[in-house]
Amino acid sequence: MTEFQAKFDQAIWRTVSKIKPGRVMSYGQVARAAGFPRHARMVSKAMSRSVEPLPWYRVIRSDYTLAFEVGGVGYNKQRSKLEKEGVRFMGKKVVPVETDDSAGLDALLWGPTE
DNA sequence: CCCTTGACTATCT
DNA sequence: GAGATAGCCAAGG
């Protein structure tokens with residue numbers, strides 16, 4: 001275990017554990033928030049080194065797709081965990097909360113129906 | 001040292 | 001949208 005990993009891991013774990021259920025963050029965002037910009041590619045390693053369980057499945061790519069091969073074991077596991085928390089998908093992509101129109105688009109376009 | 005490897009990203013075609 | 005390409009950067013061979 002290098003000294004870099006010791007500090008990096010701590011920062012990443014702290015950041016990932018703060019992601020709220022139903023929300024997601026990209027590898028790049030996590031790295032940046034942890035204080036290590038340009039280290040997106042190392043986030044996954046840090047998470048896999050964690051002994052304590054982390055909401056690793058709430059970390060996805062910047063284009064809102066999952067990092068695992070579609071249909072693969074890892075992909076299915078991550079996706080089901082996310083969906084269980086209410087994260088919705090459109091094809092291969094996660095529907096961002098801010099864009100989730102399930103409850104608000106009609107209201108935005110046509111006004112409240114009540 | 002040099003080269004390859006990633007649960008990555010931004011930017012072109 | 002799907003590829004290709006070029007950056008990115010610590011680790012391990």
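**Close-ups of a predicted protein–DNA model**

Two helices, α2 (27-33) and α3 (40-49), each put at least two residues into the surface near DNA strand B. Keep in mind throughout that this is a predicted model.

**View 1. The protein surface around DNA strand B.** Here we zoom in on the 13 residues that surround DNA strand B, with Y27, G28, R41, R61 and S62 as the closest. Helix α3 is the top contributor to this surface, giving 5 residues. Sorted by class, the surface near DNA strand B comes out as 7 nonpolar, 4 polar and 2 charged residues. On the DNA side, 44% of the strand B atoms within 4 Å of the protein are sugar or phosphate atoms, and the rest sit in bases.

**View 2. Polar atoms facing DNA strand B at R41, R61 and S62.** R41 goes for a base: one of its polar side-chain atoms is 2.5 Å from a base nitrogen of DNA strand B. R61 meets the backbone of the DNA instead, with a polar side-chain atom 3.0 Å from a phosphate oxygen of DNA strand B. For S62, look at the main chain: a polar backbone atom of S62 lies 2.9 Å from a phosphate oxygen of DNA strand B.

**View 3. The E3–K7 salt bridge on helix α1.** This is one of 4 salt bridges in the structure. The side chains of E3 and K7 pair up with an N to O distance of 3.9 Å, which just makes it under the 4 Å cut-off for a salt bridge. The two residues are 4 apart in helix α1 (residues 3-16), so about one helical turn separates them. E3 counts as exposed at 61% relative accessibility, and K7 is exposed too, at 57%.

**View 4. R49 and D9, a salt bridge between helices.** The side chains of R49 and D9 come together at 2.5 Å, N to O. This pair ties distant parts of the chain to each other, with R49 in helix α3 and D9 in helix α1, 40 residues apart. D9 is buried, with a relative accessible area of just 1%, while R49 is partly exposed at 28%.

**View 5. The ring cluster of F4, F8 and F36.** A search of the whole structure turns up 4 aromatic pairs. The F4 and F8 rings have centres 5.3 Å apart and planes at 15 degrees, so they count as stacked. Both residues belong to helix α1, 4 residues apart, or about one turn of the helix. F4 is partly exposed at 37% relative accessibility, whereas F8 is buried at 1%. F8 also pairs with F36: the ring centres are 5.0 Å apart and the planes sit at 85 degrees, so this pair is edge-to-face. The F8–F36 pair links distant parts of the chain, from helix α1 to the loop between α2 and α3, 28 residues apart. Put together, ring pairs join F4, F8 and F36 into a cluster.

**View 6. R79 with two partners, E83 and F89.** R79 forms a salt bridge with E83, and the closest N and O atoms are 3.2 Å apart. Both residues lie in helix α4 (residues 73-84), 4 residues apart, about one turn of the helix. E83 is partly exposed, with a relative accessible area of 39%. R79 also lies over the face of F89, 4.1 Å from the ring centre.

Note on methods: Residues are numbered from 1 along each chain as its sequence is written. Chains are lettered from A and ligands numbered from 1 in the order in which they are written. This is a predicted model: local features need pLDDT of at least 70, side-chain atom pairs count only at pLDDT 80 or more; totals for chains, interfaces and linings use all residues. Side-chain values use heavy atoms; hydrogens and water are left out. A residue is near a molecule or strand if one of its heavy atoms lies within 4 Å of it. A polar contact is a pair of N or O atoms within 3.5 Å; within protein, one must be able to donate a hydrogen and the other to accept it, and residues adjacent in sequence count only if both atoms are side-chain atoms. Ala, Val, Leu, Ile, Met, Phe, Trp, Tyr, Cys and Pro count as nonpolar, Asp, Glu, Lys and Arg as charged, and the others, Gly among them, as polar. Buried means under 20% relative accessible area, exposed over 50%, partly exposed in between (1.4 Å probe, protein chains only). Rings of Phe, Tyr and Trp (its six-membered ring) pair if their centres lie within 6.5 Å; planes under 30 degrees apart count as stacked, over 60 as edge-to-face and the rest as tilted. A charge sits over a ring if NZ of Lys or CZ of Arg is within 6 Å of the ring centre and within 35 degrees of the ring normal.
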